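Let's take a walk through this structure, one feature at a time. Have the model open and ready to rotate as you read.

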Amino acid sequence: MGEPLRIGMVGAGAISGAYLDTLEKLDDVRLTVVTDLDPGRAAAVAGRVPGARATGTLTELVAAPDVDAVLDLTVPAAHAEVALTALAAGKHVYGEKPLATTRADADRVLAAAAASGLRVGCAPDTVLGTGTQTARAAVDAGLIGSPVAATAFMTTPGHERWHPGPEFYYRPGGGPLLDMGPYYVSALVHLLGPVIEVTGAASRPRAEREIGSGPRAGERFAVEVDTHVTGVLRHASGALTTLVMSFDVQAARLPHIEVHGTAGSLSVPDPNRFDGPVELHRSGGGWERLPVSAGTSGAGRGLGLADLARALAEGRPHRASAELARHVLDVMLTLLDAARQGLALPVASACVRPEPMLP
């Protein structure tokens with residue numbers, strides 16, 4: 001390809017380091033400008049990259065002539081605003097998950113991108129690593145027969161134990177489903193296709209949480225969202241997924257994802273990671289580890305942004321797309337609606353199953 005896609009990073013918090021580790025290794029993208037509400041953090045991140053600089057505001061960043069695309073690493077509540085500002089300035093966007101916190105905001109972002117002819121991508125891109133992609137290749141090759149069901153579990157006591165400022169995880173737009181669900185639901189769409197119906201139940205056992213680390217350790221804060229969510233997803237393929245997302249489980253031995261078919265079962269690694277063992281249990285046999293057969297080896301955060309850059313150069317769709325992220329958001333919000341109403345609800349959106357990531 002030609003010149004690298006020049007990136008303006010918005011948000012220089014903890015996750016920015018993981019992105020920098022990847023971006024520094026890629027020829028497809030180049031970080032040029034960084035901004036953050038804390039100027040010191042922006043300067044520190046920019047200082048890691050030769051030729052990059054810090055700027056004071058989002059407005060200044062999107063106006064910079066050496067920014068082709070905006071990498072949005074802000075908190076979920078700001079995702080739609082940052083994306084719309086970038087698109088209005090003629091910049092492509094790739095952001096952390098979720099795409100937005102409401103369907104209406106997500107639709108505004110997609111409409112703005114369509115009107116301007118610009119690309120919008122959205123994490124997670126962990127599903128493009130060797131773990132989920134090797135599992136997908138096994139499903140597509142018919143190694144488990146026809147998929148029948150899947151299970152997906154994310155259980156933890158809560159992020160306040162390790163995060164020094166965890167309040168946003170427990171405010172609208174947060175909670176275990178909207179925080180960690182994108183990894184799991186995105187992987188399930190790659191494995192089994194889009195979701196057409198959901199049922200659910202949810203609870204909020206504690207009204208307050210206590211910060212467990214950092215300078216504010218011991219401070220208590222209010223819990224504003226449900227912290228244990230369970231549901232069943234009906235995929236267009238007919239497969240049923242049982243999903244549990246919880247900030248209320250002290251310890252568990254549950255698998256991350258398993259997919260069960262008419263001829264076997266598949267153990268899929270943590271979708272919050274790019275790699276990990278994929279194991280197959282064939283009917284009448286035992287568990288066997290499958291060799292890596294698809295996905296990007298040694299990948300890190302930012303792989304989806306690199307794929308977007310390559311897709312622009314090659315004139316093809318990018319895999320970590322806004323359309324997929326919009327569907328994942330709709331699945332999660334519909335599940336929460338179903339939990340509140342005590343009903344099985346249809347998922348109004350749809351998406352195309354992304355193309356597999358070849359080795």
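Start at Gly-181, where helix α7 kinks by about 60°, shortly before the proline Pro-182. Keep in mind that this is a predicted model, so the angle is a computed one.

Now zoom out to the whole helix. α7 runs over residues 175-192, which makes 18 residues. From first C-alpha to last, α7 reaches 25 Å, close to the 26 Å expected at 1.5 Å a residue. How many of its residues are buried? The count is 18 of 18, so you'll find α7 mostly covered, with buried here meaning under 20% relative accessible area. Just past the end of α7 sits Gly-193, with a positive phi near 95°.

From α7 it's a natural step to the largest pocket, since α7 gives the largest share of its lining, five residues. α1 (14-23), α4 (79-88) and β7 (147-155) also supply at least two residues each. This pocket holds about 1,200 Å³ of space, and 45 residues line it. To find its centre, look for Ile-15, Leu-73, Thr-74, Val-75 and Phe-168, the lining residues that lie nearest to it. Sorted by class, the lining has 21 nonpolar, 15 polar and nine charged residues.

One more stop: the second largest pocket, with a volume of about 250 Å³. Among the residues lining it are Arg-316, Pro-317, His-318 and Arg-319, along with Cys-351, Val-352, Arg-353, Pro-354 and Glu-355. Here the lining divides into five nonpolar, two polar and five charged residues.

Note on methods
Residues are numbered from 1 along each chain as its sequence is written. This is a predicted model: local features need pLDDT of at least 70, side-chain atom pairs count only at pLDDT 80 or more; totals for chains, interfaces and linings use all residues. Side-chain values use heavy atoms; hydrogens and water are left out. Helices (H or I, at least four residues) and strands (E, at least two) are DSSP runs, numbered from the N terminus. The expected span of a helix is 1.5 Å times one less than its number of residues. The bend at a residue is the angle between axes fitted to the seven residues ending there and the seven starting there. Buried means under 20% relative accessible area, exposed over 50%, partly exposed in between (1.4 Å probe, protein chains only). On a 1 Å grid over the protein atoms alone, a cavity is a set of points where a 1.4 Å probe fits but cannot get out, and a pocket is an open set with protein on both sides within 12 Å along at least five of seven lines; lining residues have an atom within 4 Å of a point. Grid points are joined across faces, edges and corners, and a volume is the space filled by probe spheres set on the points. Ala, Val, Leu, Ile, Met, Phe, Trp, Tyr, Cys and Pro count as nonpolar, Asp, Glu, Lys and Arg as charged, and the others, Gly among them, as polar.
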